[in-house]
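Colleague: I would like to test the labels used for this model. Shall we take them one at a time?

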Amino acid sequence: MELDRSLKARHLTMISVGGVIGAGFFLGAGAAIARTGPSVVLAYLAGGIITLFIMVLLAEMAVAKPVSGSFEHYARIAFGPWCGFMTGWTYWLAFLIGPASEAIAAGTFLNMWFPGVPVWLFCLVIASSMTVINMVGVHFFGEVEFWLSLVKVVALLAFIVAGCYSLGLDTASPARISNFTDNGSFFAAGIPGFLGAMLMVIFSFGGTEAIGTAAGESEDPQRDIPKTLRGTVVRILLLYVGSLTVLLFILPWQQAGISSSPYVEATGILGGDIARNMMNFVVLTAALSCIDTGVYATSRMLHAMATEGYFPAWFARLHPAHKTPNNAILASSLVLFTGVIIAILSPDAYVILAGISGFGFLFTWLMIALSQPAMRQLALRDGTLLYRAPAAHIIQPVTVVLIVLVMAGQFFTDGGDITLLTVLAWLSIASAYYCFVVRKKLQRRHTDEKSHAE
């Protein structure tokens with residue numbers, strides 16, 4: 001039984017949007033601004049360029065070989081089963097820690113309206129709802145994600161328009177260019193602060209690659225995935241960089257933080273309490289959308305890895321009617337509650353989780369970039385190279401260098417040592433699991449298949 005191929009181009013576009021424009025941007029932008037000041041615009045522009053390069057390389061591979069496991073599958077073909085396992089398993093962790101932090105963020109946004117309700121109760125309701133949505137069927141998930149994502153895209157565009165109007169035509173508005181230029185250094189904390197902000201930026205962009213995991217359920221990957229790529233370019237240049245620039249014209253950067261979304265505060269400055277509450281609703285919707293996409297992408301990754309023998313076959317089972325990997329969905333949804341536990345243990349839970357998730361995305365992106373040359377050679381041999389990444393011979397090595405620089409930069413940032421130690425521990429545990437459990441299982445399966453063939 002195969003996964004249901006009923007996702008349309010508009011679904012793929014909004015899945016990509018849903019994975020990116022969540023609380024990681026609406027709330028995480030505050031942490032990034034606090035670390036580097038106005039230069040955060042350059043940080044998001046650099047992050048957008050890296051993301052765009054990754055999308056171009058991934059689109060070529062996803063069109064040539066549209067499978068649900070996507071880049072885990074490509075890394076396995078290019079470098080062997082260990083690399084495939086580490087890529088898929090690290091991505092699974094990164095994309096689930098992200099939604100776990102989104103659950104904390106959702107609690108932060110809801111606390112604005114219901115200060116007496118504990119965060120864990122919000123997380124319980126959110127996790128349960130996202131589980132049901134993903135289990136009903138992929139087309140239903142695609143429709144829900146389409147409308148949730150549409151809300152935040154329209155809201156960001158409206159914010160940009162309102163900010164530009166306030167800056168240019170409303171003489172009584174507090175929005176002014178001096179808010180961007182007259183509040184300290186452009187690089188507020190120097191290069192270390194800029195590099196520290198880059199990890200939050202990568203966390204914000206993490207999720208764009210979700211269209212790779214959706215390729216196996218696309219009606220027409222050759223047509224839809226490159227089309228989604230073009231939409232991503234517009235989103236990166238306009239929604240992120242454009243809205244952040246407008247934000248810094250309205251809100252002095254020293255006032256940004258993670259106690260609330262800077263977008264909520266800036267909208268309140270422009271339009272008062274009603275506008276603030278409307279934007280808070282939009283930001284809450286964005287968090288729900290990102291959690292929804294996170295459960296979708298990670299459940300498909302877990303399903304694909306179980307199908308390939310990395311995990312028990314129980315995770316590979318599909319619902320007979322909906323053709324959804326419900327066991328994998330349930331397992332992925334349960335991880336959402338880790339955010340509640342960490343929130344109880346640390347007041348900096350959001351930043352810690354976002355940093356770990358951002359590094360996990362960086363690792364996944366590095367493997368995507370490294371896999372592309374080998375996958376292109378395979379596609380040329382098989383005659384499946386239906387979409388060529390433009391200037392791949394330049395983009396691929398540049399992407400690898402940029403990602404390595406961002407990774408290395410964490411040695412010089414505050415809190416970077418915690419992130420690196422956590423990621424190192426994760427990679428060590430995952431490698432040990434592969435060596436002592438997965439490798440033996442794969443060897444037994446290979447022996448069984450060989451004996452059956454004989």
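Colleague: What makes α4 oblique to α17?

Modeller: The axes of helix α4 (residues 40–64) and α17 cross at roughly 135° and come within 10 Å. Axes are lines fitted to C-alpha atoms, for helices over the stretch in contact, and angles run from 0 to 180 degrees between N-to-C directions. Roughly parallel is under 35 degrees, roughly antiparallel is over 145, roughly perpendicular is 65 to 115, and the rest is oblique. The angle of roughly 135° fits none of the first three classes. That makes α4 oblique to α17.

Colleague: What kind of model is this?

Modeller: It is a predicted model: local features need pLDDT of at least 70, side-chain atom pairs count only at pLDDT 80 or more, and totals for chains, interfaces and linings use all residues. Residues are numbered from 1 along each chain as its sequence is written, while side-chain values use heavy atoms and leave out hydrogens and water.

Colleague: Which hand does the crossing of α4 and α17 have?

Modeller: α4 passes α17 in a left-handed crossing. Left-handed means that the near helix is turned anticlockwise from the far one by less than a right angle; clockwise is right-handed.

Colleague: How do you know that α4 and α17 meet, and which residues do so?

Modeller: Contact means heavy atoms within 4.5 Å. In α4, I50, F53, I54, V56 and L57 take part. Their partners in α17 are A392, I395, Q396, V398, T399, L402, I403 and V406. By class, this contact of α4 with α17 has 11 nonpolar, two polar and no charged residues. Nonpolar covers Ala, Val, Leu, Ile, Met, Phe, Trp, Tyr, Cys and Pro; charged covers Asp, Glu, Lys and Arg; the others, Gly among them, are polar.

Colleague: Why are α4 and α10 called oblique to each other?

Modeller: α4 and helix α10 (residues 190–205) pack at about 50°, with their axes 9 Å apart. That angle again falls into the rest class. α4 and α10 are therefore oblique to each other. The crossing of α4 past α10 is right-handed.

Colleague: Which residues of α4 meet α10?

Modeller: L42, A43, Y44, A46, G47, G48 and T51 do. On the α10 side stand F194, M198, V201, S204 and F205. The contact divides into eight nonpolar, four polar and no charged residues.

Colleague: What makes α13 and α14 oblique?

Modeller: Helix α13 (residues 262–307) and helix α14 (residues 326–334) pack at about 125°, with axes 8 Å apart. The angle lies outside the three named ranges. α13 and α14 are therefore oblique to each other. Their crossing is right-handed. V295, T298, S299, R300, L302 and H303 in α13 meet A328, I329, A331, S332 and S333 in α14. That contact has five nonpolar, five polar and one charged residues.

Colleague: How many helices and strands are there?

Modeller: The protein chain has 18 helices and zero strands. Helices (H or I, at least four residues) and strands (E, at least two) are DSSP runs, numbered from the N terminus.

Colleague: Why does G355 count as buried?

Modeller: Buried means under 20% relative accessible area, exposed means over 50%, and partly exposed is in between (1.4 Å probe, protein chains only). G355 has 5% relative accessibility, so it counts as buried. G355 sits in helix α16. Beyond its neighbours within four places in sequence, G355 touches L199 and T419.

Colleague: And why is L148 called buried?

Modeller: L148 has a relative accessible area of 18%, which is under the 20% limit. L148 belongs to helix α8 (residues 138–168). Apart from neighbours within four places in sequence, L148 is in contact with T285, L288 and S289. L148 and S289 are 141 residues apart in sequence, yet 5.7 Å apart in space, C-alpha to C-alpha.

Colleague: What makes E265 partly exposed?

Modeller: E265 has 28% relative accessibility, between the 20% and 50% limits. So E265 counts as partly exposed. E265 lies in helix α13.

Colleague: What is the phi of A391?

Modeller: A391 has a positive phi of about 55° although it is not a glycine. Most residues other than glycine have a negative phi. A391 lies in the loop between α16 (349–382) and α17 (392–409). At 38% relative accessibility, A391 counts as partly exposed.

Colleague: What share of the protein chain is buried?

Modeller: Buried residues make up 59% of its 454 residues.
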